[in-house]
Amino acid sequence: MQHLLTLALAAAVAVNAYYLPGFPPQDYEEGDPVQLTVNALTSLDSRSLLPYDYYYDKFHFCKPEALEVERESLGSVLFGDRLYNSPFQVKTNLLKMLQNAECVKLCTNHIPADDAQFINLKIKEDYSLSWYVDNLPAAQVLPDDDGVEYYKMGFDLGALVGESEATEVAYFYNHYDITVEYHTQDNKKYRVVGVIVTPRSVKNIDKNNHCNYQETEVSFYYNVVWKKSKAAWGTRWDKYLHVTDSQIHWFSIVNSIVIVLMLTGMIAMILLRALHKDISRYNSFIEEDGGQEDIGWKLVHADVFRPPQHRMLLSVLVGNGAQIFLMSGVTLLFAILGFLSPSSRGALSTVTIIFYICFGGVSGYVSARLYKMMQGEYWRQNVALTALLVPGVVFLIFVILNFILIGAQSSAAVPFTTMMALIALWFLISTPLCIIGAYFGFKQPTIENPVKTNQIPRQVPNQPTYLNPWVSAAMGGILPFGAIFIELYFIMNSIWFHQIYYVFGFLFLVFLILVITSSEVAILMCYFHLCAEDWRWAWRSFFTAGCSGAYIFLHSGVYYFRKLHVDNTASMFLYFGWSLVMSALFVILTGSVGYVSCLVFVRSIFGSIKVD
């Protein structure tokens, strides 16, 4: 066990050490034009969660003569990326390989008072610009806590100068010092390996064509310096993918493993000691005189496989949980193998959506098998609800949030064509696959229960407080949440602070630990319920493990008030809307794992005893 753990942890480190490029290398010769594209503006300290188009009218940035939209993946569009060409690509302002430039004027724009007030507000909200040169993000060089320099993507829209908030003055950056790092092996072919932008506030240029760094004006200038670098093209992302809290990731893994070992020890004690003795004693009583009165969990053998209430809903949720489980597992597997490079914007979200669509058949099959096992009769409703209920609720929330983004004039509002593409994927691919999976599921023979079920339900005795459905769910949900909450913090930082999350080796281990923890805590509480002669384990097992999703939503609330500085209603709705969606999907995922684990557990123990 120790050797396997060591190998697993070593694999986590190795996985994080490389990636397969998602963008082919581009060779340039001296004087060749180099493309610079611009992306949406975002708030770096999350005072606002609303991105804005670079060419939003109120910013008054210089525009090219012919505005062109760069094609992006589905996931990139959904996450708010809006790439355009830039005025650096026109003939008079061409960015050329190895050709430095000083104080080149882009344009002069007049900014009305209302727009100036808007820009000042966005400077106070710490908005940043996002440029790309050769698909590599422009960055600022910053030191971490240990003094090691790394590249932080994006650069400031402006700066606040003043001793206090009341006396602060906003300065709009209109001059950009662009340093492009390049690598070459033969001094003939060159590759871009780094982009640094230092913004400044400049009033005008003097007669010697040098920049005069004074007050903010609305004329835009730039300098370009080409700097040779030893970094090879294949490692150019290393400076951007800087881990500042690696020890915390290891602490997260150790914390999760401790929880798993604790639960595994309790499960082993139950299975190897209590259950083994119970099964041996019950079977020996049957063989000897057959008159021994049943005690403990064997008392409910005639009711334990009774179909639960709302069996339709349970089978639908577990079917969708199986779909989410496979989507998550396969996506993480592709990520740790390096196929989802950070150089491919939106690749992770695009692949996630594709796998969710493709695994629609799994949800239909699992839901149909369970519904048939629960003696359900309305199979058409089961197929329809499996295909439409969960994705329909998520899509409804998505549409509502999109209207809020449209009202806030944010670039994160998803275009109508993208919405139609999502609907087409849902109804033309996912739904037919779900129907096909359900067809094969209903064609399979019914899953036979190991013991018979009485017609009259057994009365459940009064339960102790800790076995109350809500109390047991609250206690059970803490452990899966405790196994992931540290890594959850980094994931939320990457989402709301626009950082790149790429430590998928750690995340894959945490995912495995989450699955194991959810299974074990559900089995443990299920055993306690059965021993208390409570045979209603189906929904209990689902909510015992699924309650961890409720803790995630509570954690989201704490994160909102302690970490974020949101000061507008649209951002608040956006944050809590998507937090609700993520928490609900997490309930379905972990709840399904808990239910299936308990189903296997119950079938195993009641299949091991002899019943008259």
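Here is a short walk through the structure, from the whole protein to one strand pair and one pocket.

This is a predicted model, in which local features need pLDDT of at least 70, side-chain atom pairs count only at pLDDT 80 or more, and totals for chains, interfaces and linings use all residues. Residues are numbered from 1 along each chain as its sequence is written, and side-chain values use heavy atoms, with hydrogens and water left out.

Let's start with the whole. The protein has 14 helices and 16 strands, taken as DSSP runs (H or I, at least four residues, for helices; E, at least two, for strands) and numbered from the N terminus. Of its 612 residues, 50% are buried, meaning under 20% relative accessible area with a 1.4 Å probe, protein chains only. Among contacts (heavy atoms within 4.5 Å) with a separation of 6 or more, 79% link residues 24 or more positions apart.

Now zoom in on strand S13, residues 191-200, where seven of the 10 residues are buried. Strand S12 (residues 175-183) runs antiparallel to S13, and nine bridges join them; strands count as paired if DSSP finds at least two bridges between them. Thr179, for example, has Ile196 in S13 as its bridge partner.

Finally, which helices each supply at least two residues to the lining of the second largest pocket? They are H10 (469-496), H12 (537-546) and H14 (569-606), and H12 gives the most, with seven residues. The lining divides into 20 nonpolar, seven polar and three charged residues; here Ala, Val, Leu, Ile, Met, Phe, Trp, Tyr, Cys and Pro count as nonpolar, Asp, Glu, Lys and Arg as charged, and the others, Gly among them, as polar. A pocket is an open set of points on a 1 Å grid over the protein atoms alone, where a 1.4 Å probe fits, with protein on both sides within 12 Å along at least five of seven lines, and lining residues have an atom within 4 Å of a point.
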